[in-house]
Amino acid sequence: MNRHLSDDEIAAAVAAEKLAPERARHLEDCVPCRREVDGLLELIAERRRALEAEGPDFEKQRQQILEGLAHPAAPVVALHRRHIWRPILAAAAALVAVVGIWLQMTRHRPAAVLRPLPVEQILSDVDATLADRSVPGFESLDSMIPAPDEMASMIDDTKTAS
Ligand SMILES: [Zn+2]
């Protein structure tokens, strides 16, 4: 069996796949088959070099991305920070005000004076401030705030204790 390699066998040889031993021996001995395989290998190598030469400069793109990360646009970052922190600080200030009033009342006044304090009004104001969930990360404050019922029972406990 001394026929030349078929197209499939040439392709297999180019792809460095294993040929049947007898076909591999033919390829070793047959100059035309050897030349065909080598020619295709050289064609592929040439095409690869051409593609690399005309392709995008990945190293340059990588440098540009790294520079962009090292020097981000300052105004964007500042705006982002202000956007997140302003409502959180507003809610924290509201909480401090409520707790401060509550402590003042329980410490220095008779318990009866607690009744006119518009606790529900203050709490609903705080709830309204906290209800704005449009800012990411803002939800985490929610768990720190006692529910209106809890707050009311805290005040009731203080009243019965004194
Ligand atoms: Zn041959």
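Biologist: Which residues of H3 do Ile-10, Ala-13 and Val-14 in H1 meet?

Modeller: This is a predicted model, in which local features need pLDDT of at least 70 and side-chain atom pairs count only at pLDDT 80 or more, while totals for chains, interfaces and linings use all residues. Residues are numbered from 1 along each chain as its sequence is written. Contact requires C-beta atoms, placed from the backbone, within 7 Å. On the H3 side, the residues met by Ile-10, Ala-13 and Val-14 are Glu-36, Val-37, Leu-40 and Leu-41.

Biologist: How many residues in the contact of H1 with H3 are nonpolar, polar and charged?

Modeller: Ala, Val, Leu, Ile, Met, Phe, Trp, Tyr, Cys and Pro count as nonpolar, Asp, Glu, Lys and Arg as charged, and the others, Gly among them, as polar. By these classes, the contact has six nonpolar, no polar and one charged residues.

Biologist: What is the count of buried residues in H3?

Modeller: A residue is buried if 20 or more other C-beta atoms, placed from the backbone, lie within 10 Å of its own, exposed if 12 or fewer, and partly exposed in between. H3 covers residues 31-54 and is hardly covered by its surroundings on this criterion. Among its 24 residues, the count of buried ones is zero.

Biologist: Is Ala-16 buried or exposed?

Modeller: Ala-16 lies in the loop between H1 and helix H2 (21-29), and its phi is near 65 degrees, a positive value in a residue other than glycine. Ala-16 has 7 other C-beta atoms within 10 Å and is therefore exposed.

Technical notes: Helices (H or I, at least four residues) and strands (E, at least two) are DSSP runs, numbered from the N terminus. The expected span of a helix is 1.5 Å times one less than its number of residues. Two residues are in contact if their C-beta atoms, placed from the backbone, lie within 7 Å.
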